[in-house]
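Open the structure in your viewer and keep the selection tool at hand. The stops below say what to select next and what is there.

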Amino acid sequence: MFLVSRKYVHRLIWSAVLLLVLSPPTEVLSQTNAAPATRTVPAVATQSQIKFDVISFKRCERIDLSGKTTIIPPGGDSISRHCQVTAALFDFAYGGGGSPYLLKGEPAWMDTDAYDFLAKVAPEDVPEWQAMTMASRRQMLRDVFADVLNLKVHVETVARPVYNLVVAKGGPKLTESKPDPNAPAASLGNMGTMRYEGPDEAVYTGATMKLLANTLGARLDRSVIDMTGLRGTYDFRVKPLPFAHYNPKSSSAESMDFAAIIDGIQDLGLKLDPGKADASAFVIDHIDRPREN
């Protein structure tokens with residue numbers, strides 16, 4: 001069991017704007033034919049004002065395939081992940097669990113060794129934690145990678161095939177959401193919520209097109225870029241959309257019915273057009289294996 005206590009760590013008050021900001025890996029940087037470029041960035045672009053009080057990694061005998069993923073109780077004080085690989089935790093911290101992105105240079109254990117992970121804030125920080133956006137919570141996990149696992153990473157810009165999510169001929173067939181002041185905070189950042197009814201039907205509530213693009217890309221063989229121009233939030237369903245994410249390292253492309261997923265959004269008055277874009281790829285320069293005692 002690896003345990004770090006930070007209860008008496010002083011809060012950092014930032015008074016200057018940092019020079020470099022690390023972009024999410026699913027974000028398209030441009031759609032030009034410029035040559036791939038490399039830029040070096042710090043492992044942590046910005047730091048949150050509070051820190052986790054307790055951080056623990058406990059080794060599991062095997063990866064849990066039951067469907068349990070990152071758990072953030074709505075009224076809780078922690079983030080946990082049950083018997084998952086470190087690469088999956090990295091994806092939550094840096095990629096947002098959205099579209100697949102390029103990860104290079106990672107050691108083999110990041111994709112094979114499973115851990116029970118828990119990160120918990122101090123009691124006095126619970127109100128601030130509960131008021132945080134998902135983006136801020138992801139940033140706190142980035143701090144964990146930098147501080148606890150000594151992560152060193154840089155970003156390369158690479159040209160990759162993508163799908164562009166666009167409005168089909170005839171226009172969108174979407175129902176605009178009516179804001180509910182009593183609704184809980186969105187579970188997927190500020191982009192709305194998504195839940196499943198059955199193994200292949202997803203229900204979106206108060207969802208942006210960015211959320212739809214991210215969740216489609218997570219189940220296809222390339223990223224999906226929102227090019228719809230739709231800026232509202234909508235309630236809709238997508239079927240078929242499998243629960244399982246597509247992982248090119250462990251999944252067979254032949255086992256995923258990509259064509260059915262692409263066709264499944266036609267009822268929304270949308271379509272996916274193949275394209276190409278420059279996107280960010282993370283290159284792991286150094287990371288320590290979680291320590292146990």
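Helices and strands here are DSSP runs, numbered from the N terminus, with at least four residues for a helix and at least two for a strand. The model is predicted.

**Stop 1: the largest cavity**

Select Phe57, Arg81, Gln84, Val85, Thr86, Leu89, Tyr115 and Phe117, which line the largest cavity. Three elements each give two or more residues to this lining: strand S6 (78-85), H1 and strand S8 (114-121). Which element gives the most to the lining of the largest cavity? It is S6, with three residues. By class, the lining has five nonpolar residues, two polar ones and one charged one. The volume of this largest cavity is about 50 Å³. In total, two cavities of 30 Å³ or more are counted.

**Stop 2: the disulfide**

Stay on strand S6 and pick cysteine 83, which is found there. Then add cysteine 60: the two form a disulfide, with their sulfur atoms 2.2 Å apart. The structure holds one disulfide. Where do its two ends sit in the chain? Cysteine 60 lies in the loop between strand S4 (52-59) and strand S5 (70-71), while cysteine 83 lies in strand S6. The two are 23 residues apart, and the pair links distant parts of the chain. Is the link of cysteine 60 and cysteine 83 left-handed or right-handed? With -80° about the S-S bond, the link is left-handed. Before leaving, check the backbone at cysteine 83: its phi is positive, about 45°, although this residue is not a glycine.

**Stop 3: helices H1 and H4**

Select residues 86-95 for helix H1 and residues 134-147 for helix H4. Two packed helices are described by the angle between their axes and the distance between the axes. For H1 and H4, the axes come within 7 Å and cross at roughly 135°. Because of that angle, H1 counts as oblique to H4. Now show the side chains at the contact. On H1, the residues are Thr86, Leu89, Phe90, Phe92, Ala93 and Tyr94. On H4, they meet Met134, Arg138, Leu141, Arg142 and Phe145. Coloured by class, this contact of H1 with H4 shows eight nonpolar residues, one polar residue and two charged residues. Thr86 and Leu89 of this contact also appear in the cavity lining of the opening stop.

**Stop 4: a cis peptide bond**

Last, go to proline 240, in the loop between strand S14 (234-238) and helix H6 (258-263). Select lysine 239 as well, and look at the peptide bond from lysine 239 to proline 240. This bond is cis, with omega near 0°.

Methods
Residues are numbered from 1 along each chain as its sequence is written. This is a predicted model: local features need pLDDT of at least 70, side-chain atom pairs count only at pLDDT 80 or more; totals for chains, interfaces and linings use all residues. Side-chain values use heavy atoms; hydrogens and water are left out. Axes are lines fitted to C-alpha atoms, for helices over the stretch in contact, and angles run from 0 to 180 degrees between N-to-C directions. Angles under 35 degrees count as roughly parallel, over 145 as roughly antiparallel, 65 to 115 as roughly perpendicular and the rest as oblique. Contact means heavy atoms within 4.5 Å. Ala, Val, Leu, Ile, Met, Phe, Trp, Tyr, Cys and Pro count as nonpolar, Asp, Glu, Lys and Arg as charged, and the others, Gly among them, as polar. On a 1 Å grid over the protein atoms alone, a cavity is a set of points where a 1.4 Å probe fits but cannot get out, and a pocket is an open set with protein on both sides within 12 Å along at least five of seven lines; lining residues have an atom within 4 Å of a point. Grid points are joined across faces, edges and corners, and a volume is the space filled by probe spheres set on the points. A disulfide is a pair of cysteine sulfur atoms within 2.5 Å.
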